[in-house]
Every structure is written in C-alpha cells, then in structure tokens.
Amino acid sequence: VEEEERSRSFMVFGLQEAKDENLHVKVNELLLELNQKPKIEVCRIGSGPKKTTDKTVSRPVKVTVKSSTVVQEVLKRAKQLKDCEKYSKVFIAPDRSAEQREEHKKLVTELKKKIVDEPNKRHFIKGNSVHSVNK
C-alpha cells in the first residue's frame, strides 16, 4: 500500500516558502510550466523553514496525483525547469522511502567518484546502477 502511494507522489525541492502562501497555486503554476495540469494534493514536509547561517532553506513539497503515469510524465519533463528563470533552482524527484533515499545517496556518491576518476566519459544513474559511456 505504501509503495503504491509513493508511486503516485513526487517531491519538489527549492520552491520558495512564504508565510501566507497558497501552495496549491504555486505547484499548479510550476506544473503548467511543464505543460501538465493534473489534479493534485500538496503539503510541505517538516516543521518549518530551516535557517542556515544567512538564508532560509525552504521545506520540500510532497505532491500526490491520481496515477503513477502522471508522476512519470512530470519526472520526465522536470529537466525543462532549469531553462525557466523562475524555476531554475527548483528540482523534482520521486517520492522515496528512507531505504531508497539511502540507496540513491550511495549511487550519487559512486557517480561523483566516477566523474572525477573518468572525466572523459559521461556518467549517469539508470535503474539502480551507475552507467558510463564515451562522450
């Protein structure tokens, strides 16, 4: 059941947080940028905005939709956000369990090591492993 719930959700990181924000509208505007307009449920994760030394870090947003197909489409189009000035610092990722997050963290560490060790190749994560191809 939990796995099915996660397959219908994704996380949005870097979306600015405001005191009297309408989160539903903010996320809908973000999804419109990706040419998507699904019915959504949204909520911030965590207890409040975190203050680092000089700036406030916004909490992630969990977005739940009706089907996993919509999630896959949003994740596929998420890289388009880096070209949009308003959302260039916003990232979308699958909703992962604690174990999955730990596993992904290890893959990212391995990916970073390969990038340093083999700079003449292109490295990426696909499935649950790191792949390398010639540039």
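## A predicted model, from strand 7 to the core

Phenylalanine 124 counts as partly exposed, at 23% relative accessibility. The model described here is predicted. Phenylalanine 124 sits in strand 7, which covers residues 121–126. Setting aside neighbours within four places in sequence, phenylalanine 124 is in contact with Leu111, Ser129, Val130, His131 and Val133. Lysine 26 lies elsewhere: its C-alpha atom is 30 Å from that of phenylalanine 124, and the two residues are 98 places apart along the chain.

### The sheet

How many strands form the open sheet, and in what order? There are 4 strands, in the order 2-5-1-6. Their pairing is antiparallel. Strand 2 (41–44) and strand 6 (91–94) are the edges, and each of them pairs on one side only. From one strand to the next, the twist averages 25°. As background, strands of a sheet pair through backbone hydrogen bonds, either parallel or antiparallel.

One pairing can be followed in detail. Strand 1 and strand 6 run antiparallel and are joined by 4 bridges. Phenylalanine 13 stands opposite phenylalanine 91, a residue of strand 6.

A helix covers this sheet. Helix 2 lies across strand 1, strand 2, strand 5 and strand 6. Its direction is about 115° to strand 2.

### The nonpolar core

In soluble globular proteins, nonpolar side chains tend to be buried together. Here the largest nonpolar core has 20 residues. Phe10, Val12, Leu15, Val27, Val63 and Ile92 have the most contacts inside it. Strand 1, helix 2, strand 5 (61–64) and helix 3 (68–77) each supply at least two residues of this core. Which element gives the largest share? Helix 2 does, with 4 residues.

Valine 63 has contacts with several parts of the chain. Beyond residues up to four places away in sequence, valine 63 touches Arg8, Ser9, Phe10, Val12, Val27, Ile40, Glu41 and Val42. Phe10, Val12 and Val27 are also listed among the core residues with the most contacts.

Helix 2 holds asparagine 28 as well; the helix runs over residues 23–33. Asparagine 28 is buried because its relative accessible area, 17%, is under 20%. Not counting residues up to four places away in sequence, asparagine 28 touches Pro38 and Ile40. Ile40 is also on the contact list of valine 63.

### Salt bridges

The model has 11 salt bridges. Three of the pairs are set out here.

| Pair | Closest N to O distance |
|---|---|
| Arginine 6 and aspartate 95 | 2.9 Å |
| Glutamate 21 and lysine 26 | 3.0 Å |
| Glutamate 21 and arginine 44 | 3.0 Å |

Take arginine 6 and aspartate 95. Are these residues buried or exposed? Both are buried. Arginine 6 belongs to helix 1 (residues 2–7), and aspartate 95 to the loop between strand 6 and helix 4 (98–117). The pair links distant parts of the chain, 89 residues apart. There is also a network of salt bridges that joins Arg6, Lys62 and Asp95.

Glutamate 21 has two partners in the table: lysine 26 and arginine 44. Glutamate 21 lies in the loop between strand 1 and helix 2, while arginine 44 is in strand 2, so their pair ties together parts that are 23 residues apart in sequence. The partners differ in burial class: glutamate 21 is partly exposed at 22% relative accessibility, whereas arginine 44 is buried at 12%.

### An exposed lysine and two cysteines

The loop between strand 1 (9–13) and helix 2 also contains lysine 19. Why does lysine 19 count as exposed? Its relative accessibility is 83%, and the exposed class starts over 50%. From lysine 19 to glutamate 102 is 32 Å, C-alpha to C-alpha, and 83 residues in sequence.

Two cysteines can be placed by their accessibility. Cysteine 43 is partly exposed, with a relative accessible area of 36%. Cysteine 84 is buried, at 13%. The disulfide count is 0.

Methods:
Residues numbered from 1 in each chain as written. Predicted model: local features only at pLDDT ≥ 70, side-chain atom pairs only at ≥ 80, totals over all residues. Heavy atoms only, no water. Buried < 20%, exposed > 50% of the residue type's maximum accessible area, 1.4 Å probe, protein only. Contact = heavy atoms within 4.5 Å. Disulfide = S-S within 2.5 Å. Core = buried A, V, L, I, M, F, W, Y, C linked by side-chain atoms within 4.5 Å. Pairing = 2+ DSSP bridges. Axes fitted to C-alpha atoms, helices over the stretch in contact; angles between N-to-C directions. Salt bridge = Lys/Arg side-chain N within 4 Å of Asp/Glu carboxyl O.
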